[in-house]
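User: I'm new to this one, and I'd like to learn how to read its features. Could you walk me through them, starting with the empty spaces inside?

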Amino acid sequence: MGRKRILVTGGAGFIGSHLCERLLKEGNDVVCMDNLFTGQKDNIRHLMDDPYFEFIRQDILEDVYVECDQIFNLACPASPIHYQYDPIKTGKTSVIGALHTLGLAKRCHARILQASTSEVYGDPEVHPQPETYRGCVNPNGVRSCYDEGKRMAETLFFDYYRQHEVDIKVIRIFNTYGPRMRSDDGRVVSNFIVQALKGEDITIYGNGRQTRSFCYVDDLVEGMVRMMESREGLTGPVNLGNPEEFTMLQLAECIIRLTNSDSKIVYMSLPQDDPLQRKPDISLAKKELDWEPHIALEQGLLKTISYFKENILMDGIGNGY
């Protein structure tokens with residue numbers, strides 16, 4: 001079989017750039033589309049000389065005209081600080097972006113994967129969260145533009161599957177971390193690492209007992225590729241994340257230790273609708289994809305800390321972009 005031509009929307013982002021890199025290594029022809037709102041050219045600079053890599057600077061709200069065999073739809077700001085910057089556009093990106101990529105998949109007879117999110121579970125009343133859980137989401141809160149936008153995108157994917165027989169795959173991504181995270185994305189791992197490296201107070205929102213499960217980006221990309229290549233009829237949704245659960249206080253203490261930092265921990269009030277627990281049930285991924293994460297938190301954090309040291313704080317101003 002010849003090279004697959006694969007479109008990755010949001011391909012210059014943190015996860016998208018790692019995915020593009022993986023797809024190229026597997027011998028594919030990769031088209032990366034990104035409007036660079038949160039994506040970075042630096043994330044894909046090392047891929048630019050590859051003759052089988054193409055970068056298109058375009059917003060997913062515009063019509064997409066690319067011939068392709070597969071589509072990975074990752075286009076949407078994923079951290080609260082970025083998706084709350086323009087919440088109306090965030091909602092439009094999820095919904096209209098889904099419509100544009102699904103329309104393209106229908107025309108090209110391409111298989112399409114939607115990068116959905118654990119945020120569709122909201123502040124869950126079921127723990128851990130299986131794919132059958134329908135969630136507890138506030139439809140009119142400050143996080144709703146992202147949470148409900150992603151839920152509506154899933155709806156559209158399944159409607160295109162039922163009505164137009166589009167070959168869909170849906171994954172729900174839980175907290176992911178690793179090199180190429182932005183230092184200003186407001187996510188807990190990047191926040192804690194940057195604060196620790198700069199010797200600043202480490203800010204914990206709430207009492208520090210709320211939990212998250214952290215999946216290293218290489219493990220996630222492996223799951224994404226396996227889902228795309230999975231058997232026909234396996235539409236998902238399928239949870240992809242690390243089921244090991246850590247409190248925010250445990251994470252902060254671990255990062256202080258790994259960075260040899262003198263930072264102190266301070267506590268601030270919890271943001272609206274911030275979930276108190278988040279842990280994936282990955283039974284379905286294990287069964288259908290033979291997938292589970294293998295990189296332990298400390299191992300992944302060391303790689304991420306090294307990236308931030310080399311690329312973010314090297315100029316002493318903390319942004320490095």
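User: What classes of residue make up the lining of the second largest cavity?

Analyst: The general idea is that rolling a probe the size of a water molecule over the atoms shows where empty space is left. This is a predicted model, and here the lining of the second largest cavity has five nonpolar residues, one polar and one charged. Its residues are Phe214, Asn242, Glu244, Phe246, Ile295, Ala296 and Leu297. The volume of that second largest cavity is about 30 Å³.

User: How many cavities of 30 Å³ or more are there, and what lines the largest cavity?

Analyst: The count is two cavities of 30 Å³ or more. The largest cavity holds about 40 Å³ of space. Around the largest cavity you'll find Asn73, Ala75, Cys76, Thr93, Ser94, Ala98, Gln114, Lys150 and Ala153. By class, that makes four nonpolar, four polar and one charged.

User: Which elements give two or more residues to that lining?

Analyst: Helix H4 (87-108) and helix H5 (144-164) do. H4 provides the largest share, with three residues.

User: Then let's look at H4. What span does H4 have from its first C-alpha to its last, against the expected one?

Analyst: H4 has 22 residues and covers 31 Å from first C-alpha to last, close to the 32 Å expected at 1.5 Å a residue. Don't picture a perfect rod, though: H4 has a kink of about 25 degrees, centred on Thr93. Thr93 also turns up in the lining of the largest cavity.

User: Which residues of H4 are buried, and what covers them?

Analyst: Here's the general idea: an α-helix has 3.6 residues a turn, so residues three or four places apart point the same way. In H4, the buried residues are Thr90, Gly91, Thr93, Ser94, Gly97, Ala98, His100, Thr101, Leu102, Leu104, Ala105 and Cys108. You can follow the spacing through Thr90, Thr93 or Ser94, Gly97, then Thr101. Their cover includes strand S1 (5-9), strand S4 (70-73), helix H3 (80-83), strand S5 (111-117), H5 and strand S6 (168-173).

User: What happens in the backbone just after H4?

Analyst: His109 comes there, with a positive phi of about 55 degrees. As background, most residues other than glycine have a negative phi, and most peptide bonds are trans.

User: Which residues in loops have a positive phi without being glycine?

Analyst: Two to look at are Glu165, with phi near 60 degrees, and Arg180, at about 85 degrees. Glu165 sits in the loop between H5 and S6. Arg180 belongs to the loop between strand S7 (176-177) and helix H6 (188-197).

User: Is Glu165 buried or exposed, and what about Arg180?

Analyst: Under 20% relative accessible area is buried and over 50% is exposed. Glu165 has 71%, so Glu165 is exposed. Arg180 has 13%, so Arg180 counts as buried.

User: You mentioned trans peptide bonds. Where are the cis ones before Pro128 and Pro237?

Analyst: The bond from His127 to Pro128 is cis, with omega near -10 degrees. Pro128 lies in the loop between S5 and H5. The bond from Gly236 to Pro237 is cis too, with omega near 5 degrees. You'll see Pro237 in the loop between helix H7 (217-228) and strand S11 (238-240).

Notes. Residues numbered from 1 in each chain as written. Predicted model: local features only at pLDDT ≥ 70, side-chain atom pairs only at ≥ 80, totals over all residues. Heavy atoms only, no water. 1 Å grid on protein atoms, 1.4 Å probe; cavity = no way out; pocket = protein on both sides within 12 Å on 5 of 7 lines; lining within 4 Å. Points joined across faces, edges and corners; volume = space filled by probe spheres on them. Helix = DSSP H or I, 4+ residues; strand = E, 2+ residues; numbered from the N terminus. Nonpolar A, V, L, I, M, F, W, Y, C, P; charged D, E, K, R; others polar. Expected span 1.5 Å × (residues − 1). Bend = angle between axes of the 7 residues up to and from the residue. Buried < 20%, exposed > 50% of the residue type's maximum accessible area, 1.4 Å probe, protein only. Contact = heavy atoms within 4.5 Å.
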